[in-house]
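Colleague: I'm new to this one and would like to learn how to read it. Please take me through the features one at a time.

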Amino acid sequence: MWIVGWMCLTLAAVVSASSQDPLLGTARVVFQTNYGDVEFGFFPNVAPVTVEHIFKLVRLGGYNTNHFFRVDKGFVAQVADVASGRSAPMNEEQRREAEKTIVGEFSDVKHVRGILSMGRYSDPNSAQSSFSILLGDAPHLDGQYAVFGKVTKGEETLKKLENLPTHKEGIFVMPNERITILSSYYYELESCEEDRSILKRRLAASALEIERQRMKCFP
C-alpha cells in the first residue's frame, strides 16, 4: 500500500510540475523598448493558436512602434492592441492579422511573475493582440486568461518599467510617459546552437593547422 501510495504521489507531482513548467519552444522574440530589451519564449504545447498568432504579428512587424499602455507594479505590464496602439500606419496584412480574434486557450499554467497572458474582453474568445507580462503572482487570473509564454531575458528592463511614474485612469494604472516598442525581432535557439557548434569546430581545426605549421617551420 505504501509503495502504491508513493507511486501515486510521485505521478501527481510529475503531472503537477509539467503543468506548472511547460516546455518552451525554440523560438525567441525580443522587444526593444526605449527602456531596454525584453526577450520572450513561447509555450506552443499549451496555447498553439495564440503562439502562432502572436509570432506571426511579430514576423510582420506588427508590434513595432506599439507601446505598453499599462504598468501596474506587482501586477502587469500590458502591451496595447496593435490596431490602436501603433504610432506608425499599418499595411493591409498587418491590419488583417491584428484584427483577428482567437479562441481562448485556457490552461492550468499559473499566472506568476514573467508569464505572458493574453488580454481579452468579457467574451472568452475575444483576444486579439494585447497581452500582459506578469509583474507578480496573480492567482485570480488562473484559468481565466490564456497563458502562452514567459520572459526569458529582461528582468532589469521590467524593474525599470515598474519604477516609472504612473497615474490612474479608471481601472488602469498607466505610465506618465510612453513606453515604446521601438522594434522587434525573432530567432531560433537551435540555429544559434548549430552556428556555435560549427564555429567551435572551425576554431579547433584552425588551432590544429596553426600547430602543424608551427611544428613544420619551427621544429
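Colleague: Let's start with strand partners. Which residue in E9 stands opposite Thr-166?

Modeller: That's Pro-175 in E9, standing opposite Thr-166. Keep in mind that this is a predicted model. To read a pair like that, step back to the strands that hold it: strand E8 (residues 166–169) and strand E9 (residues 172–175) pair in the antiparallel sense, over four bridges.

Colleague: How many residues lie between E8 and E9 in their hairpin?

Modeller: Two residues separate E8 from E9 in that hairpin. Look at the turn as well, where Gly-170 has a positive phi of about 65 degrees.

Colleague: Which residue has a positive phi although it is not a glycine?

Modeller: Thr-65 does, with a phi of about 75 degrees. You'll find Thr-65 in the loop between H2 and E3. Don't take a loop position to mean exposed here, because at 19% relative accessibility Thr-65 counts as buried, the limit being under 20%.

Colleague: Now the big picture. How many helices and strands does the protein have?

Modeller: Its secondary structure comes to six helices and ten strands. The way to read strands is to follow who pairs with whom. Here eight of them close into a barrel, in the order E1-E2-E7-E5-E6-E4-E3-E10, with antiparallel pairing. From one strand to the next, the twist averages 35 degrees.

Colleague: What do the individual joins look like?

Modeller: Take E2 and E7, which are antiparallel and share four bridges; in that pairing Phe-40 stands opposite Val-151 of E7. Strand E5 (residues 115–118) also pairs with E7 in the antiparallel sense, over three bridges, and there the bridge partner of Leu-116 is Gly-149 in E7. Elsewhere in the barrel, E3 is joined to strand E10 (residues 179–188) by two bridges, again antiparallel, with His-67 partnered by Thr-180 in E10.

Colleague: Which strands does helix H5 lie across?

Modeller: Helix H5 (residues 155–162) lies across E1, E2, E3, E6, E7 and E10. Its direction is at about 120 degrees to E2.

Colleague: On to the inside. Which residues have the most contacts within the largest nonpolar core?

Modeller: The general idea first: in soluble globular proteins, nonpolar side chains tend to be buried together. In this model the largest nonpolar core has 44 residues, and Phe-31, Phe-40, Tyr-63, Phe-131 and Phe-148 have the most contacts inside it. The element that gives the most to this core is helix H2 (residues 48–59), with five residues. For the protein as a whole, buried residues make up 41% of the 219 residues.

Colleague: Phe-40 has come up twice. What is Phe-40 in contact with, leaving aside its neighbours within four places in sequence?

Modeller: Its contacts include Ala-27, Val-29, Phe-31, Leu-116, Phe-131, Ile-133 and Val-151.

Colleague: How many aromatic pairs are there?

Modeller: The count comes to ten aromatic pairs. One of them is Phe-40 with Phe-131: the ring centres are 5.9 Å apart and the planes are at 85 degrees, which makes the pair edge-to-face. Phe-40 lies in strand E2 (residues 36–42) and Phe-131 in strand E6 (residues 131–134), so the pair ties together parts that are 91 residues apart in sequence. Phe-40 is buried, with a relative accessible area of 1%. Phe-131 is buried too, with a value of 1%.

Now compare Phe-69 and Phe-172: with centres 5.5 Å apart and planes at 85 degrees, this pair is edge-to-face. Phe-69 in strand E3 (residues 67–72) and Phe-172 in strand E9 are 103 residues apart, so this pair too links distant parts of the chain.

Colleague: Is Phe-172 buried or partly exposed?

Modeller: Partly exposed, because its relative accessibility is 28%. Phe-69 is buried, at 17%.

Colleague: Which aromatic residues form one cluster?

Modeller: Phe-31, Phe-40, Phe-42, Phe-55, Tyr-63, Phe-131, Phe-148 and Tyr-186 do.

Colleague: And where does the charged end of Arg-120 sit?

Modeller: Over the ring of Tyr-145, 4.6 Å from its centre.

Definitions and conventions
Residues are numbered from 1 along each chain as its sequence is written. This is a predicted model: local features need pLDDT of at least 70, side-chain atom pairs count only at pLDDT 80 or more; totals for chains, interfaces and linings use all residues. Side-chain values use heavy atoms; hydrogens and water are left out. A nonpolar core is a set of buried Ala, Val, Leu, Ile, Met, Phe, Trp, Tyr and Cys residues joined through side-chain atoms within 4.5 Å. Buried means under 20% relative accessible area, exposed over 50%, partly exposed in between (1.4 Å probe, protein chains only). Contact means heavy atoms within 4.5 Å. Two strands pair if DSSP finds at least two bridges between them. Rings of Phe, Tyr and Trp (its six-membered ring) pair if their centres lie within 6.5 Å; planes under 30 degrees apart count as stacked, over 60 as edge-to-face and the rest as tilted. A charge sits over a ring if NZ of Lys or CZ of Arg is within 6 Å of the ring centre and within 35 degrees of the ring normal. Axes are lines fitted to C-alpha atoms, for helices over the stretch in contact, and angles run from 0 to 180 degrees between N-to-C directions.
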